[in-house]
Amino acid sequence: HGLDEIDNRILTTIIDKFKGGPVGINTIATAVGEEAGTIEEVYEPFLIQEGYLMRTSRGREVTELAYRHLGKNFFPKQDQLF
């Protein structure tokens with residue numbers, strides 16, 4: 001699929017540590033040991049373009065495709081009213 005070690009580490013971190021997101025770029029950077037600017041400029045555009053990651057107003061979220069790529073179970077988030 002064209003993903004390298006860092007791409008997979010970013011996706012895995014968002015899924016395993018942050019329940020798929022949303023999570024801020026600085027938090028992701030700290031968790032994977034990369035600079036936020038590097039993630040934002042180098043890795044994130046590819047992950048978004050390929051459909052593995054979404055940038056929302058609340059932060060970054062992985063997509064169902066990312067779960068499938070990593071062999072993890074995907075459970076759609078339920079919108080909560082309260």
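Is Asp-16 buried, exposed or partly exposed? In this structure, which I should say at the outset is a predicted model, Asp-16 has a relative accessible area of 48% and is therefore partly exposed, since the exposed class begins over 50%.

Let me stay with that residue for a moment. The side chain of Asp-16 meets that of Lys-72 in a salt bridge, with 3.1 Å from N to O. Asp-16 belongs to helix H1, whereas Lys-72 lies in the segment after H4, so this pair ties together parts of the chain that are 56 residues apart in sequence. Lys-72 is also partly exposed, with a relative accessible area of 28%. As general background, side chains of opposite charge can pair when their charged atoms come close.

How many salt bridges does the structure hold? There are four, and I would like to take you through two others. Glu-40 forms one with Arg-60, where the closest N and O atoms are 3.3 Å apart, and this pair links helix H3, which carries Glu-40, to strand S2, which carries Arg-60, across 20 residues of sequence. Glu-40 counts as partly exposed, at 34% relative accessibility, while Arg-60 counts as buried, at 9%.

Next comes Arg-55, which forms a salt bridge with Glu-44, the closest N and O atoms being 2.5 Å apart. Arg-55 sits in strand S1 and Glu-44 in helix H3, so the pair ties together parts that are 11 residues apart in sequence. Glu-44 is buried, with a relative accessible area of 1%. Through shared partners, salt bridges join Glu-40, Glu-44, Arg-55 and Arg-60 into one network.

The two strands just mentioned also belong together. S1, residues 53–56, and S2, residues 59–62, pair in the antiparallel sense over four bridges, and a hairpin of two residues joins S1 to S2. Within this pairing, Arg-55 stands opposite Arg-60 in S2.

Finally, we come to the nonpolar side chains. The largest nonpolar core has 20 residues, of which Ile-10, Leu-11, Ile-14, Ile-39, Leu-47 and Val-62 touch the most other members. Helices H1 (5–18), H2 (25–32), H3 (36–49) and H4 (64–70) are the elements that give two or more residues to this core, and the largest share, five residues, comes from H1.

Which residues does Val-62 touch, if we leave out those up to four places away in sequence? They are Leu-11, Ile-14, Ile-15, Gly-20, Tyr-52, Leu-53 and Tyr-67.

Methods. Residues are numbered from 1 along each chain as its sequence is written. This is a predicted model: local features need pLDDT of at least 70, side-chain atom pairs count only at pLDDT 80 or more; totals for chains, interfaces and linings use all residues. Side-chain values use heavy atoms; hydrogens and water are left out. A nonpolar core is a set of buried Ala, Val, Leu, Ile, Met, Phe, Trp, Tyr and Cys residues joined through side-chain atoms within 4.5 Å. Buried means under 20% relative accessible area, exposed over 50%, partly exposed in between (1.4 Å probe, protein chains only). Contact means heavy atoms within 4.5 Å. Two strands pair if DSSP finds at least two bridges between them.
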